Amino acid sequence: MAMLVPSQILPQTGETRRLLLKWVIAFLVPVLVFTLVWSGEAILNAALLAIFFPGSFSIAAIAAGLFMLLFYGIITGLTGYLVAADSGRQSLLDLWISMFFFTVVPILLIYITANLFVGLAASVVVWAFYYYGRRLVRRFRPPAPLPPLPSLKVLDAEMRATLLTRARLGSFWFALSFSLIWLLVDLLFYFTGQYGQASLVFLVWILLRSVLLPVAGWLLGSLGGLVAIRHAVPANGNGSNGDRAGAPVSTRRLRLLSATRAREEARDLVPNDLPLRSTGARNFYLLLLLALLVFYPMIDPFLFGPGTDSRLDNYGNAGYYVILALGLNIVVGFAGLLDLGYVAFFVIGAYTWAMVGSPQLTVLTGIHINPDIWPWLFWPMLIVAALIAALWGVLLGAPTLRLRGDYLAIVTLGFGEIIPIVVQNLDKYTNGTNGLTGIYSPAFFGVHWNVSTSEPYYYLILVLIAIVLLANLRLRDSRIGRAWIAMREDEIAAAASGINLTRTKLLAFAAGAFFSGIAGAYYAAKLSTVTSGNFSFSDSVIYLAMVVLGGLGSIPGVVVGALAVYAVNVLVLPQLDALGNDPSSIIYPIYTHILQVIPNFSFSNIRNLIFGIILVVLMIFRPEGLIPSTRRRHELHHTEAEGVEITSLDTPPGAPGFESEMRVE
Amino acid sequence: MTAEHEQAPQSTRQPLLELKKVTKHFGGLAAVQDVDLAIYPQEIVSIIGPNGAGKTTVFNLITGIYLATSGEIIFEGQPLKKASPHQVVQRGLARTFQNIRLFNNMTVLENVLVGEHLRLKASILDAVFRPPWVKQEEEEARRRAIELLSFFGQHLVDRQDEYVINLSYADRRRVEIARALASEPKLLLLDEPTAGMNEAETMEAVHYIRRLRDELHLTILLIEHKLMVTMGISDRIAVLDYGRKIAEGLPDEIRRDERVITAYLGKAATADRQTWQVALRPQPEGEANNHHE
């Protein structure tokens with residue numbers, strides 16, 4: 001440690017200097033915008049207040065401060081990683097422009113509109129324009145195609161050292177620049193009197209921060225470097241893909257890796273042409289996302305002002321859509337069974353808890369449970385509701401076994417209509433059109449549900465989503481997952497490979513229904529009333545739209561799809577209305593102008609129109625969905641595989657490639 | 001090469017697969033009529049015949065895609081009664097298709113892994129909870145899939161992460177065979193394995209089909225149009241025409257059989273033996289030499 005000679009912190013080579021400049025600036029701008037323009041600093045100040053001034057003590061504020069520290073730490077580490085992992089071939093300007101559009105623009109938009117989803121929606125629009133604008137530019141000025149990565153060398157000790165050094169330098173310089181600029185800004189404010197009576201605490205904080213940040217940067221850089229090295233091609237096996245154990249990496253293999261996976265799929269490799277998309281970077285993103293999700297209720301007041309609770313309530317609702325989308329993804333995405341009646345299982349799950357977890361149980365069976373114990377039943381009933389829904393999945397799936405495609409869809413559509421109506425008409429059990437009320441919320445130690453805050457439900461849905469996500473990921477990469485996908489691709493070949501089609505299809509229905517049962521039970525508890533009349537075929541369509549828009553068969557895709565669809569339908573459009581009616585917002589003049597022409601106009605009214613337009617546009621320009629699975633993108637944009645060596649000019653008839661060569665311009 | 005195999009005389013060996021008067025009607029059309037066939041272990045038997053003779057129908061009957069109108073199919077002494085395709089695979093028969101049916105949007109490795117479906121034991125609950133034995137099973141499965149791919153040399157192993165749609169035709173055929181092998185069959189049914197291949201690829205295919213029998217001790221039932229291939233590789237040949245078996249026997253016998261020649265070339269050709277003999281002459285050189293020593 002005493003060996004920290006100053007020359008060590010100076011970049012040694014021109015290339016390192018360039019990389020440093022590239023990435024440090026790239027991240028400095030958004031972080032500064034977030035900290036100084038938006039609320040990064042406000043959060044930290046509030047945290048300080050909470051710690052040192054007993055009058056304003058608040059756990060939430062301290063937690064929020066903790067989040068900010070995590071945030072800076074992750075970004076710093078990420079910068080270091082990227083400096084190490086970058087092959088340096090992507091142009092500086094390219095990166096800065098991309099970073100600007102993908103980080104600064106959303107931050108600013110969200111800040112301006114003071115609304116997460118409206119801001120994100122606006123960002124999406126901006127991104128669409130940027131994306132197509134960039135394509136146009138590229139068409140007129142095509143960039144030189146990158147040759148395959150030069151001989152990927154197995155990392156030796158010297159290269160490792162270089163990578164580590166680069167990572168350390170990257171994080172260090174980022175942290176240093178950040179702290180210096182911040183210091184300058186703060187000093188400026190202090191000396192121009194903006195801070196008024198800055199107390200000692202703040203001065204100490206500013207000083208400490210300016211010293212500690214670069215130190216932390218150096219340390220975090222080591223971490224970033226380690227991540228980079230871990231994802232490099234090591235002497236044995238193939239990087240992060242641990243199951244290719246033992247086979248030594250031949251130069252031939254490396255060449256193949258280089259040629260066939262150079263562009264998008266070489267995520268595991270270091271150096272990397274697109275390090276932002278690499279697996280190592282994704283670790284940082286996930287960490288950041290996790291921190292954001294966990295700490296969100298505490299930082300929300302700082303980011304968006306009052307109304308945290310209603311927002312959390314909304315997110316709690318969005319959450320069960322995510323679970324529904326994940327469940328439907330199994331049926332439609334993996335197994336390829338077009339299910340248009342998915343809402344049936346949701347209703348079954350909801351009513352299962354509703355009938356057991358409310359006074360209805362007493363009505364039905366005469367059993368009276370101690371109200372202190374009753375809510376605890378939610379947890380076992382969550383599983384029971386899921387199992388009952390799964391059972392119904394099998395029952396409703398069985399008649400469809402011999403049907404294909406459209407006919408399967410019609411039968412499932414029928415069930416989707418029948419079940420809610422049957423449930424409604426069984427009014428002896430389900431209280432018919434009046435629905436069931438007084439459904440208990442779950443119980444957990446020391447947590448008050450639904451009383452004053454939506455936080456518990458928010459965290460509950462986060463946990464449920466995490467569990468469902470994990471289950472889905474495991475299912476996809478398992479024997480049954482492969483069977484589903486094989487069945488979707490070619491039933492006859494699947495059967496000829498030993499797959500029991502009946503069993504596999506029923507399992508798909510059961511698994512999909514299982515997850516929707518979970519969502520249903522959650523929904524019943526959260527809303528504390530269920531009315532079967534609220535559900536219909538159009539809900540099934542919405543769930544299907546979530547899956548298709550997000551990316552059929554892609555797990556991150558359907559999560560994003562669910563959030564996007566929910567956001568557009570429930571959050572963005574009413575918010576636009578609110579903004580439009582608010583004289584102080586930007587769109588007020590446009591809004592009033594439209595109202596003059598169309599008196600009954602409101603965004604909520606044309607919700608279906610907008611939703612429909614979005615669907616059509618998306619299906620024309622990006623049919624594989626927002627975040628497609630690699631398979632689907634491959635399937636739908638097969639011609640992009642031109643970069644790969646095509647050893648057969650003859651695509652046999654019947655293979656998808658055969659027809660994609662006839663491009664209709 | 002058949003002389004190299006220690007085989008008991010056929011009369012004392014149990015046939016691995018037996019077709020007894022198998023008949024299949026589609027409405028009024030008899031696609032297959034009263035076909036008898038017996039396949040003995042570690043044989044390579046070819047079914048040949050003009051187009052539309054019912055060869056693929058026989059395959060489909062054996063593998064459970066069609067249900068026979070009458071007749072019996074007996075495998076290892078037990079009848080294949082109303083077996084569905086996956087049950088047939090379970091019994092130990094695997095097949096490839098005439099128009100290669102691979103899972104196009106899966107990689108080479110994944111295609112072969114699907115073939116191992118029956119060998120693996122993990123249920124859906126096991127998949128979700130992933131106990132250690134499941135992880136081990138998956139690794140085992142991957143290892144074995146790579147091993148199967150390596151039967152064809154290193155180049156498929158090198159390309160295991162490629163989507164099969166990007167492979168050459170000959171390679172796709174190999175992957176399909178590897179997938180069929182993954183279920184550890186006793187009898188392999190190959191439907192026109194050299195269709196669409198040029199001479200070189202055909203020779204390679206003949207070579208590895210023979211290796212399948214020699215190295216993996218499989219029994220192979222083959223539908224083949226290229227007479228040179230069948231003459232060179234088969235232990236026995238059965239000839240179908242209009243759904244009936246019109247001849248069966250050793251390659252040399254079939255080559256000279258009047259009925260076979262008529263079926264293929266019409267009556268006039270029986271006079272023109274020269275043409276026929278030339279057409280059926282086995283390859284003069286190359287690895288797929290059928291010198292009977």
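This passage describes a pocket, a surface patch, salt bridges and selected backbone features of a predicted model.

The second largest pocket has a volume of about 850 Å³. Its lining is made up of 30 residues. Those closest to the pocket centre are Gly64(B), Lys82(B), Ala83(B), Ser84(B) and Pro85(B). Both chains contribute secondary structure elements to the lining. From chain A, helix H18 (491–496) and helix H19 (501–527) each supply at least two residues. From chain B, helix H1 (55–62), strand S4 (70–75) and helix H2 (85–91) each do likewise. By residue class, the lining of this pocket divides into 17 nonpolar, six polar and seven charged residues.

A nonpolar patch lies on the surface of chain A. Its members are Leu187(A), Tyr190(A), Phe191(A), Leu200(A), Leu203(A), Val204(A), Leu208(A) and Leu212(A). Together they have about 770 Å² of accessible area. Two helices of chain A, H6 (157–191) and H7 (200–230), each supply at least two residues of the patch. H7(A) gives the most, with five residues. Leu187(A) is placed in helix H6 of chain A. The relative accessible area of Leu187(A) is 34%, so this residue is partly exposed. That value also satisfies the patch criterion, because membership calls for over 30% relative accessible area.

Salt bridges number 32 over all chains. One of them joins the side chains of Asp313(A) and Lys526(A), at 2.7 Å from N to O. Asp313(A) lies in helix H10 (residues 308–334) of chain A and Lys526(A) in helix H19 of chain A, so this pair ties together parts that are 213 residues apart in sequence. Helix H19 of chain A is also among the elements that line the second largest pocket. The two partners fall into separate accessibility classes. Asp313(A) has 31% relative accessibility and is therefore partly exposed. Lys526(A) has 7% and is therefore buried, because the limit for burial is under 20%.

A second salt bridge in chain A links the side chains of Asp477(A) and Arg476(A). Here the N to O distance is 3.3 Å. Asp477(A) is partly exposed, with a relative accessible area of 38%. Arg476(A) is partly exposed as well, with a relative accessible area of 27%.

In chain B, the side chains of Asp171(B) and Arg174(B) meet in a salt bridge of 2.7 Å, N to O. Both residues lie in helix H7 (residues 169–181) of chain B. They are three residues apart, about one turn of the helix. Asp171(B) and Arg174(B) are both buried. Chain B also holds a network of salt bridges. This network links Glu43(B), Arg236(B), Lys245(B) and Glu248(B).

Two residues of chain B have a positive phi although neither is a glycine. For Gln42(B), phi is about 60°. Gln42(B) is placed in the loop between strand S2 (29–39) and strand S3 (44–48) of chain B. Its relative accessibility is 27%, so Gln42(B) counts as partly exposed. For His217(B), phi is about 55°. His217(B) is found in the loop between helix H8 (199–216) and strand S8 (219–223) of chain B. At 48% relative accessibility, His217(B) counts as partly exposed, because exposed residues need over 50%.

Two C-alpha pairs bring together residues separated along the chain. In chain B, Glu18(B) and Gly77(B) are 59 residues apart along the chain, and their C-alpha atoms are separated by 8.4 Å. Glu18(B) is placed in strand S1 (residues 17–26) of chain B. With 21% relative accessibility, Glu18(B) counts as partly exposed. In chain A, the C-alpha atoms of Val31(A) and Ile75(A) are separated by 8.5 Å. These two residues are 44 residues apart along the chain. Val31(A) lies in helix H1 (residues 14–37) of chain A. Its relative accessible area is 3%, so Val31(A) is buried.

How values were computed. Residues are numbered from 1 along each chain as its sequence is written. Chains are lettered from A and ligands numbered from 1 in the order in which they are written. This is a predicted model: local features need pLDDT of at least 70, side-chain atom pairs count only at pLDDT 80 or more; totals for chains, interfaces and linings use all residues. Side-chain values use heavy atoms; hydrogens and water are left out. On a 1 Å grid over the protein atoms alone, a cavity is a set of points where a 1.4 Å probe fits but cannot get out, and a pocket is an open set with protein on both sides within 12 Å along at least five of seven lines; lining residues have an atom within 4 Å of a point. Grid points are joined across faces, edges and corners, and a volume is the space filled by probe spheres set on the points. Helices (H or I, at least four residues) and strands (E, at least two) are DSSP runs, numbered from the N terminus. Ala, Val, Leu, Ile, Met, Phe, Trp, Tyr, Cys and Pro count as nonpolar, Asp, Glu, Lys and Arg as charged, and the others, Gly among them, as polar. Patches are made of residues with over 30% relative accessible area and no salt bridge: like charges are joined within 9 Å, nonpolar side chains (Val, Leu, Ile, Met, Phe, Trp, Tyr) within 5 Å. Accessible areas come from the Shrake-Rupley method with a 1.4 Å probe; for residues, only the protein chains shown count as cover. A salt bridge is a side-chain nitrogen of Lys or Arg within 4 Å of a carboxyl oxygen of Asp or Glu. Buried means under 20% relative accessible area, exposed over 50%, partly exposed in between (1.4 Å probe, protein chains only).
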